[in-house]
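Please open the model in your viewer and keep the selection panel at hand, since this tour moves from one selection to the next.

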Amino acid sequence: AKTVQQCKILIACFVINLLYGAVGRLSSIFFVESIVYYNVDRKMASLPYSLVFMVRGVCGPFIGYLEQIFGMKSLIILGNLLGTISIGICFFTEDILIVILCYGILLGISFSVSTQFLPLIINTYFSKNRNKMNGISFAGACVGGIIFPQLMKFFIDNYSISGCFLIFSAIMAHSLPASLLLQNPRDKKKNINVEKKNIKQLEHIKPPSSTINFVESEIDGKQIDITKESSVFTLYEPKKLKLTELNGVPFPNPDENSGKIAKKNNFTFKNFKIFADPVFITMLITNAGGSFAVTTVWTIILDFVRDKRVPANLEIYYVMLLPIADLVARIASGFVIDKKILKSPNLTTICFIGQALTLTGMLFSNNYILLMFVEFLFPIFSGSIMILQIALVQEYIETSKKTMAMVCRGLLYAPLNLTTAPMIGYFRGSGGSYDGVFYTLAAMSVFCGILTFFIPRLANRGKMSTKL
C-alpha cells in the first residue's frame, strides 16, 4: 500500500510539473504571435509572458502563510483550478490587458501555488531516494518543454493564438485529477503528546491481538524513533510518548497541557523568521543566481548561435539541445546525490564552477560541434544545481521552517529578472556582442558557488548560537 501511494504521488508531481513546464517553454512562441494578433508593440506583448515568472517568485511568502491555514493539497487543487480558468479566459478576449491580468498575474499565482509545494510532498513520502524522486518529478517540466512547443505551434497555425489558449486550458485541466492523487504531509502522522510523570517502567505489554505503535519518543531528553510490534519491551523513565494507533484505531490529538484538541494548522507569523536566517539568505542568493543564468541563456541562445555564424538549418538543434540535456541532468543528478559521494554543498559548488566554465567556453567555441558539446554541458550543470538546491533546503533548514523556505527560495529571482533586458540591450545592443553577458553570468556562477560552500559552516554557527 505504501508503494502504491508513493507511485501515485510521484506520477501526480510529474504530471503537474510537465504541464507547468510548458508555460515557460511556450513564452517565446506566444510572445511572437501576440504582437500580430493583439496589434501591440513588443514591450506590451512580452509583458504577460515575463510577468508570470515574476509573480511566481514574489508570492512565495503569501502562499507559505496560506499553507498554514488550508494545507498543501487544498492549495494545489485551487492553484490548478485557477490556472485552468485563467488560461481559458484568454480565449474570450482580444484585449492584451486582460491577457496580462489572466496569463501574467493569475497564472503566475497558480504556477507558484501548484509547483512550489511538490518537493516538500516528495520529501515527506520518500524517506529514501528523495533526490532521485525529485529529479524524476522535475524532469516532467523538461518533457513538457520538449513536447508542447511543437504541439502549440500546430494549434496556433490552425486556430490562432486565441484558439490555442482554449486548447491549452483544456490540457491544463488534467492537472486537477493529478492534484487529487496528492496527500497532505501533515496528514501522514497524527501523533499526540502524552505527558507521563513518575513512570519507572513499561513492560510486558501484550494485549490480545493488539499493537501499540510508539514513535518519536523522548527519553532522558533525547529523541529516538521507535516503531515496534513486540510482546515485551521496557522503557525507563520516558518523559514523553507519542502514540499513533492501537489496534489500527488512531488516537485523537489532545494538547499536551490542557488536554484539548489541538488545532491542525497554526495561524502564525513565526515561520517568517526564516528571512533572518543566514543559511536561507545564502540560499536565496544562490537560487536567484542559478535561475537567472538559466533563463538568460534560454533567452539569447538562438541569437547567440547566429552570431557564431551557425547555418540556419542547424539552429534548431542548438535550441532543442537545452531541454534534452536538462532532462538528463535532472534525472541523473538525483541518483548521484543519493549516492552521497560528496556532500551536497560541495557538489553544488562544483556544479556552479562547471557552469561558469561552460559559459566561458561557449564564447571561445568557434567549431559547430565543439559549441554544441559545450552547450550540452551547461544544462547538465544547471539542471543538477536545481535538484541540489532542493536537497540543501532539506538538509540545512530547520524542520519547522522548511515549508516557508521551499516556497520562498525563488523570491530574489523576480527582481533580478528585471535586469535581463537592460543587460542584453547594453552588451548586445550597444556593444554588438554577447561576450559581456556570458562573462557576467560566469562571474555570478562562481560567486554563488563560493557562497554555497560556506552553507554548512553557517548552519553550524547558527546551531551554536541557539545553544548559547
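The stops below deal with enclosed cavities and the residues that line them.

Bear in mind throughout that this is a predicted model. In the protein atoms of this model, the count comes to two cavities of 30 Å³ or more, and the tour visits each in turn.

**First stop.** Select Met283, Thr286, Asn287, Gln389, Leu392, Val393 and Arg409, which together line the largest cavity, a space with a volume of about 40 Å³. If you then colour the helices, you will find that helix H10 (278–307) and helix H13 (368–396) each supply at least two residues of this lining. Colouring by residue character instead divides the lining of the largest cavity into three nonpolar residues, three polar residues and one charged residue.

**Second stop.** Next, select Val294, Trp298, Leu322, Asp326, Phe378, Pro379 and Ser382, the residues that line the second largest cavity, where about 30 Å³ of space lies. Which helices each supply at least two residues of this lining? They are H10, helix H11 (315–339) and H13, and of these H13 gives the largest share, with three residues. With the colouring by residue character still on, the lining of the second largest cavity divides into five nonpolar residues, one polar residue and one charged residue.

**Last view.** To finish, show H10 and H13 with both selections displayed, as these helices each supply at least two residues to the lining of the largest cavity and likewise at least two each to the lining of the second largest cavity.

Conventions. Residues are numbered from 1 along each chain as its sequence is written. This is a predicted model: local features need pLDDT of at least 70, side-chain atom pairs count only at pLDDT 80 or more; totals for chains, interfaces and linings use all residues. Side-chain values use heavy atoms; hydrogens and water are left out. On a 1 Å grid over the protein atoms alone, a cavity is a set of points where a 1.4 Å probe fits but cannot get out, and a pocket is an open set with protein on both sides within 12 Å along at least five of seven lines; lining residues have an atom within 4 Å of a point. Grid points are joined across faces, edges and corners, and a volume is the space filled by probe spheres set on the points. Helices (H or I, at least four residues) and strands (E, at least two) are DSSP runs, numbered from the N terminus. Ala, Val, Leu, Ile, Met, Phe, Trp, Tyr, Cys and Pro count as nonpolar, Asp, Glu, Lys and Arg as charged, and the others, Gly among them, as polar.
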